[in-house]
Amino acid sequence: MQIIDLRSDTITHPTQEMRDAMYRAEVGDDVFGEDPTVNRLEALAAEITGKEAAVFTPSGTMSNLIAVLSHTRHGDEIILGDRAHIFLNEAGGAAAIGGVSLRTVPNNSDGTIDIDRIEAAVRGIGNLHWPPSKLLCLENTHNYCGGAVLDVEYTTEAGEAAHRHGLAVHLDGARLFNAAVALGVAPVEICEPVDSVNFCLSKGLSAPIGSVLCGSAEFIARARKFRKMVGGGMRQAGVIAAAGIVCLEHCVDRLEDDHTNAKTLAEGLTKIPGLNVEKPETNIVMIGTPENLPAADFIKKAAAVGVKMISVGPQRVRAVTHRMVNAADIVEAVKRLEKALGHTG
């Protein structure tokens, strides 16, 4: 039985064009700034996001960590949503390594944080009991809010509010290009209101590894030192940067296929009694399970018919569409799940 793997878009394999580019990549020592392929990727990323400079890292988690380190000092505070990936799924690195407090405010279901909540959370330096707020972190698309997209208008409003209070703004744009495709805008428009942004190459874009952090030249110089500190200096990294160049030049437009497949999946799952399926904006489908079917049991039933997903809560399951599953696979997945879960309500 063919396995239909919807656990994450991180399972995507590099294309043949990426493999060829990796084989032919011109390399040098990146820690010395001498890898021409890495340098080209960083320049391309900076151009795409409208920032002065960029630094290549092994992962989105490292990009987010060194962004926090570069924007703050020990004892500072960052403000972010209570469903932010930085808060929930990055091993507490901002606090453990960065020495900063994480001030969470509620995310709305669409991934936004109310502007008045952001402003109310800001703490200045006048009270010796408080850690000073230095950074606002946003996320686009928003993973735990079902791949929700923050539009340019909201990002601008949130950025302006943060800047009024002296805070920098970092955008966790792990799936930035999904947001750009969904909004029908260039990535630079999404990134313009923020001071720094990272995006992943290894999710829907299908590169085997890597993330890029972008910002001002001064910020990236600081981030580059922190990358070295946390072990991210990768020497002849052009062999993987080459795949990132290919995905940025050739794999962005096809993300629309993933969004279409996610809508098809959601529409099919809504027909299964007892499931509460959230309407997807991009490539992530969130599924609420009935009270008598915990997410863990749902996952087991799905796996038994060859469909892989993950639980993101006691009664919540996530399915992610990507290049490794096509429209026919989605139709087949719905059929299998209808058979396995048709009497759950």
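How many of the five residues of strand S3 are buried? Keep that in mind as you look through these close-ups of a predicted model.

**View 1. Strand S3 is a mostly covered strand.** Here is the answer to the opening question: five of the five residues in S3, which spans residues 77-81, are buried. Try following the side chains along the strand. Glu77, Ile79 and Gly81 point one way, while Ile78 and Leu80 point the other way. Whichever way they point, these residues are all buried.

**View 2. Strand S3 pairs with S4 and with S5.** Let's meet the partners of S3. S3 and S4 pair in the parallel sense, with five bridges between them. To find your place in this pairing, look for Ile78, which sits opposite Leu102 of S4. S3 is also joined to strand S5 (residues 133-139), this time by four bridges, and these two run parallel. Here you can use Ile79 as your marker: its opposite number in S5 is Leu136.

**View 3. Strand S2 is largely enclosed by the rest of the structure.** Why can we call S2 largely enclosed? Because five of the five residues in this strand (residues 53-57) are buried. Ala53, Val55 and Thr57 point one way from S2, Ala54 and Phe56 point the other way, and all of them are buried. S2 has a partner too: five bridges tie S2 to strand S8 (residues 211-215), and the two run antiparallel. Check out Ala54, which stands opposite Cys214 in S8.

**View 4. Four strands make an open sheet.** Read across the sheet and you get the order S9-S10-S13-S12, with antiparallel pairing. Strands S9 (276-277) and S12 (310-313) are at the edges; each has a single partner strand, so one side of each is left without a neighbour in the sheet. Zoom in on S12 and you'll find three bridges joining S12 to S13 (residues 316-320), running antiparallel. One pair to spot is Ile310 with its bridge partner in S13, Arg318.

**View 5. Four acidic residues form a negative surface patch.** The members of this patch are Asp110, Asp151, Glu153 and Glu281. Take Asp110 as your way in. Where does Asp110 sit? You'll find Asp110 in the loop between strand S4 (101-105) and helix H6 (115-121). Asp110 has a relative accessible area of 36%, so this residue counts as partly exposed. The residues of S3, back in the first view, are buried instead.

How values were computed:
Residues numbered from 1 in each chain as written. Predicted model: local features only at pLDDT ≥ 70, side-chain atom pairs only at ≥ 80, totals over all residues. Heavy atoms only, no water. Patch = residues over 30% accessible without salt bridge, like charges linked within 9 Å, V, L, I, M, F, W, Y side chains within 5 Å. Areas by Shrake-Rupley, 256 points an atom, 1.4 Å probe, with all protein chains shown as cover. Salt bridge = Lys/Arg side-chain N within 4 Å of Asp/Glu carboxyl O. Lys, Arg positive; Asp, Glu negative; His and termini not counted. Charge placed at Lys NZ, Arg CZ, Asp CG, Glu CD. Buried < 20%, exposed > 50% of the residue type's maximum accessible area, 1.4 Å probe, protein only. Pairing = 2+ DSSP bridges.
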